Amino acid sequence: MFIALVLGASSISASLAASAEQARPRVGLVLSGGGARGAAHVGVLKVLDEMRIPIDAIAGTSMGAVVGGLYASGMPVAEIEKLLRSVNWEDAFRDRPPREELGYRRKQDDREFLVRYALGLTDQGFALPRGLVQGQKLEQVLRGASLPVAAISNFDRLPIPFRAVATDLETGEAVIMDSGDLVTAMRASMSAPGVFAPAERDGRLLVDGGLVENLPVEIARSMQVDVLIVVDVSFPLYASEDLKSPIEITNQAFAILIRGRTRQQRALLGPSDIIIEPPLGRFPSADFGRVMQAVRAGEAGAREEIPSLKRLALSEEGYLRYLATRNPRDSSLPTVEFVRADPRSMEYDPLVKATMSNLIGKAMDSDRVRKQLQSLYALDRFESIDYNLIEEDGRAGLELDLRRKSWGPNYVRFGLNLEDNFEGTSRYNAALRLISTELNGLGAEWLTDLQIGDNPKVFTEFYQPLSLASRYFIAPSIDFEERSVFQLQGRDLLAEYRVRTLQGGLDFGREISNWGEVRLGMRRGTGRARVLIGDPTLPVDEFDRGGYFARFSYDKLDSIFFPRHGQQFEFQWRGERSNIGSEENLDAFETSWLVARSFDRHTLIMWLEGGTTADAEFARPENFYSLGGFLRLSGLPPGYLAGPHYGIGRLIYQRRIGRGGEGVLDFPAYAGLSFEAGNTWLDSGDASFGDLRKNASLFLGVDSPLGPVYLATGYDQEGEKAFYLFLGRTF
């Protein structure tokens, strides 16, 4: 009897507890914006999960919308934290793929031109992107994380009902997003103006919701909740003595505007609501490299409020019942049965089918799709490429949204090369490249280079792919160039030949994946070599050119300016032939091979280069190779050695001495040294290891947005020295 009474009492007690938990207050979670500070929300969620506190609705702004959206999608907190740890945030805020992933043709832009960014060219003049970051990489990270709920368009049907806030850029109104594509909603809410390009959604241009509602208390309250847990990670105001720069003053002005509305929202909180303010101090809103520090601050802030939070906690059984009532997060993914462009992108449907059809018949895999999109994005024609998993007539498929660059399809890039040896000799070249893209359905381009300075040049090429699926192309071109060839005795200049050539060509080739290219072609042209400095009685050498060439190129360097890993190789043959216009038959071969390997901040580079003219008796100044200058026998003046045969090897060590990338004026910097051995020869039989000139250099380099800047000194084995201030490409 006693046991029965005890069991009965226990059953009644459990029933009362369950009844009390069923009658519990509905809890809403409010997550504010704050940039990188918003990672603290993850720390708060960890504590809420640990305490078994149910969340019945979430409203978030900016980074709060990202964290809140992922949690609302049913993604466990541990996975959200793992995602934060795994993302390379510095890379995520760079739209352009790493150089080694670019298409080979776009790598050539980097080889020839210094300034990394291409400006648009329109009838009204130059055009700029609508943001420094288009959000391509970050968007794909969010897409993969939320894929299990991709088919849910009503945010009330997510595992946890959700609202995100953005700002209509045209009207300035708050936009409350409760339906549609979850990733687009998260992306729109965190689109800080000027940093991220506005997000397009339902015909509106949307930017960061923090401009109008950084702490969406009212919005969360409208979701039929009884109690609010509010997490505010807003940046505190600076004291007057800390306002020392225009950037700090501008940030303060924005913070004042945002905090005014935030105070209004906080005033709406009732006595039963709980506010959590993680101890972030002056943690920068833009420092995504330290997000885990913000996560820990979020945990600390939540633990300070444990006494207030305890009344909302459930028993273990009650929490399991709560989880069971949530809409499920479906982790099963279908087989892709079709791939197509969405209605806004139908002009690119042939391109989509030609490049993405290999996904058909395979299980949906977000990593595989992301890699495919990266190869398509590497064409450098699109502002963003996104996808949706859709179902149509019982079949699952991918629908791609391809947005052409809003500042395209015509672009201009600039290049600059400066060199000063501190002995009264300076040289420069300034150049621009005009690129007209999408000239036809196969993606033809028309490229024109214009260069003035020491080495004037005009080059134009029409690049025509032969199909969307294949990598074969034809490329007719016209090329004009003028350059100097020096003849020296010791350090004394005996003569300077000015060689001018004009030629036309027709190339046929094939790109090999994204790392290489094979080209075959024919050239026909004329030129002349005249003495600019030296004996004026020497005759002008006029000549005709005509012949063939073949070139194989391989390029997997991570950087053309300061490589840390990868290889670059090129081999070229040029054959002048009298039967197509040349004055004599001549064969010239040239090759270059560079290998870079790194450990931590240390990089070792091996670089070999050489060339030979098979018929040396016909070699004239226009066919000479030259050595001298920084990293081309650094202790000798530019062009110090010249001849129809040359060879040079370098061993270069460089150490990164600055982090770079975290401030407007904080660029990667390197200190290094090189050992070089090489020479030129008039007769190939004279070439030998014993005849190599040995040189070395010490340098300090900075990888600036205008290209690499070097301050260097070079030493030759015979006591010669050279000093350089150098802006330009070296590798």
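A: Let's start with one idea: two strands count as paired if DSSP finds at least two bridges between them. Keep in mind that this is a predicted model.

Q: OK, how many bridges join β29 to β30, and which way do the strands run?

A: Strand β29 (residues 645-656) and strand β30 (residues 669-681) are joined by 12 bridges, and they run antiparallel. To find your place on screen, pick R656, which stands opposite Y670 in β30.

Q: Which strand is joined to β30 by 10 bridges?

A: That's β31 (residues 693-704), again running antiparallel to β30. Here a handy landmark is E676, standing opposite N695 in β31. While you're looking at strands, remember that side chains in a regular strand alternate between the two faces of the sheet.

Q: Where can I see a hairpin, and how many residues lie between its strands?

A: Go to β9 and β10, which form a hairpin with two residues between them. Strand β9 (residues 199-201) runs antiparallel to β10, with three bridges joining them. A199 has L206 as its bridge partner in β10. In the turn, D202 has a positive phi of about 55°. β10 (residues 204-208) also pairs with strand β6 (residues 162-168), antiparallel and over three bridges. There, A166 has D208 in β10 as its bridge partner.

Q: Phi of Q224 is a positive value too, so where does Q224 sit, and is it buried or exposed?

A: The general idea: most residues other than glycine have a negative phi, and most peptide bonds are trans. Q224 has a phi near 55°. You'll find Q224 in the loop between α9 (217-221) and β11 (227-231). Exposed means over 50% relative accessible area, so Q224, at 60%, counts as exposed.

Q: And L631, what is its phi, and is it buried or exposed?

A: L631 has a positive phi near 65°. Its loop runs between β27 (625-627) and β28 (641-643). Buried means under 20%, so L631 is buried, with a relative accessible area of 2%.

Q: Where is the cis peptide bond that involves P409?

A: It joins G408 and P409, with omega at about 5°. P409 belongs to the loop between β15 (395-404) and β16 (410-420).

Q: What does I385 have around it?

A: First place it: I385 lies in strand β14 (residues 382-392). With 0% relative accessibility, I385 counts as buried. Beyond its neighbours within four places in sequence, I385 touches Q136, Q140, L373, L376, Y377, L400, D401 and L402. Sequence separation is worth a look here: I385 and E139 are 246 residues apart along the chain, yet their C-alpha atoms are separated by 9.3 Å. For the whole protein, take contacts between residues at least 6 apart in sequence: 64% of them join residues at least 24 apart.

Q: How many residues of helix α8 are buried?

A: Eight of its eight residues, so "mostly covered" fits α8 (residues 182-189). That list includes the charged R187 as well as L182 and V183. Across the protein's 731 residues, 50% count as buried.

Q: What lines the second largest cavity?

A: A cavity is space a probe can fit into but cannot get out of. There are five cavities of 30 Å³ or more, and the second largest holds about 120 Å³ of space. It is lined by 13 residues, with M63, V66, L84, W89 and L142 nearest its centre. Elements giving two or more residues to this lining are α3 (63-72), α4 (77-86) and α7 (136-145). Of these, α3 gives the most, with four residues. By class, the lining has 13 nonpolar, no polar and no charged residues.

Q: How does the lining of the second largest pocket split by class?

A: This one is mixed by class: 13 nonpolar, 10 polar and eight charged residues. The pocket has a volume of about 790 Å³. Of its 31 lining residues, T355, S375, L379, R471 and E511 lie nearest the centre. The elements giving two or more residues to that lining are α6 (104-112), α14 (349-356), α15 (366-377), β19 (457-465) and β20 (472-489). Here α15 gives the most, with five residues.

How values were computed
Residues numbered from 1 in each chain as written. Predicted model: local features only at pLDDT ≥ 70, side-chain atom pairs only at ≥ 80, totals over all residues. Heavy atoms only, no water. 1 Å grid on protein atoms, 1.4 Å probe; cavity = no way out; pocket = protein on both sides within 12 Å on 5 of 7 lines; lining within 4 Å. Points joined across faces, edges and corners; volume = space filled by probe spheres on them. Buried < 20%, exposed > 50% of the residue type's maximum accessible area, 1.4 Å probe, protein only. Contact = heavy atoms within 4.5 Å.
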